[in-house]
Structures are given as structure tokens and as C-alpha cells.
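User: Could you take a close look at one helix for me, and then show me how that part sits in the rest of the chain? I'd like the reasoning spelled out, not just the numbers.

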Amino acid sequence: MTLDRSVLAFAGFMVLLSVALTVWVSGYFVWLTVFVGGNLLQSAYTGFCPAAKLFRMLGVKSGPAF
């Protein structure tokens, strides 16, 4: 799996996790969803993604986007 797909999979997992936590634990977890969405938007415009940096340090091979 390339870095690009790893980042997308991680973002999707975090969105689903935050929605589940919002429904079953506390409504305040909706802010995690907002944070993930905001991070996706800023990485689309700036090209900087903290998750991509982390995955790169873990040895995931680069893809065309990151």
C-alpha cells in the first residue's frame, strides 16, 4: 500500500470512528470529525499532511501525491 492510500484509509477510519463515538459516547466527539475534515482540506491546499509524515517515518513507500 502506498503512502497516499494509507493516508486516505487512515482519514476514512478516523471519520468513521469519530461518528461512532459521537453517536454512542458523547456529542462532543463531533469535533474530531471537524478536525479530520479540516486537516483534509488544509492538506489539499498546502500539500502538508501530518499523517503522511508519520507514515513516511514508519517506512510506507511514497505515492504520487505525497
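Analyst: Let's start with the yardstick: the expected span of a helix is 1.5 Å times one less than its number of residues. Keep in mind that this is a predicted model. Now take helix α2, which covers residues 30-46 and so has 17 residues; at 1.5 Å a residue it should span 24 Å, and its end C-alpha atoms are indeed 24 Å apart, so the two values agree.

What happens to the backbone just after α2? Gly 47 sits there, with a positive phi of about 85°.

Back inside the helix, Ser 43 is a good residue to zoom in on, since it belongs to α2. Its relative accessible area is 13%, and because buried means under 20%, Ser 43 counts as buried. Leaving aside residues up to four places away in sequence, Ser 43 touches Phe 48 and Cys 49.

Now for the surroundings. The chain has 3 helices and 0 strands, so reading along the sequence you get α-α-α. Helix α1 runs over residues 3-24 and helix α3 over residues 50-57, and an aromatic pair links them: Phe 10 comes from α1 and Phe 55 from α3, 45 residues apart. The count of aromatic pairs comes to 1. In that pair, the ring centres of Phe 10 and Phe 55 are 5.7 Å apart and the planes meet at 85°; angles over 60 degrees count as edge-to-face, so that is the label this pair gets.

How covered are the two partners, buried or partly exposed? Phe 55 has a relative accessible area of 17%, so Phe 55 is buried. Phe 10, at 38%, is partly exposed, because it falls between the 20% and 50% limits.

Zooming out to the whole chain, buried residues make up 21% of its 66 residues. Among contacts between residues at least 6 apart in sequence, 60% join residues at least 24 apart; the link between Phe 10 and Phe 55 spans 45 residues. The C-alpha atoms fill a box of roughly 35 × 25 × 15 Å along the principal axes. As for the outside, the accessible surface comes to about 4,800 Å², with 75% of that belonging to carbon and sulfur atoms.

To pull the α2 part together: the end-to-end distance of the helix agrees with the expected 24 Å, Ser 43 within it is buried, and Gly 47 with its positive phi comes just after it.

Definitions and conventions. Residues numbered from 1 in each chain as written. Predicted model: local features only at pLDDT ≥ 70, side-chain atom pairs only at ≥ 80, totals over all residues. Heavy atoms only, no water. Helix = DSSP H or I, 4+ residues; strand = E, 2+ residues; numbered from the N terminus. Buried < 20%, exposed > 50% of the residue type's maximum accessible area, 1.4 Å probe, protein only. Contact = heavy atoms within 4.5 Å. Areas by Shrake-Rupley, 256 points an atom, 1.4 Å probe, with all protein chains shown as cover. Phe/Tyr/Trp six-rings, centres within 6.5 Å; stacked < 30°, edge-to-face > 60°.
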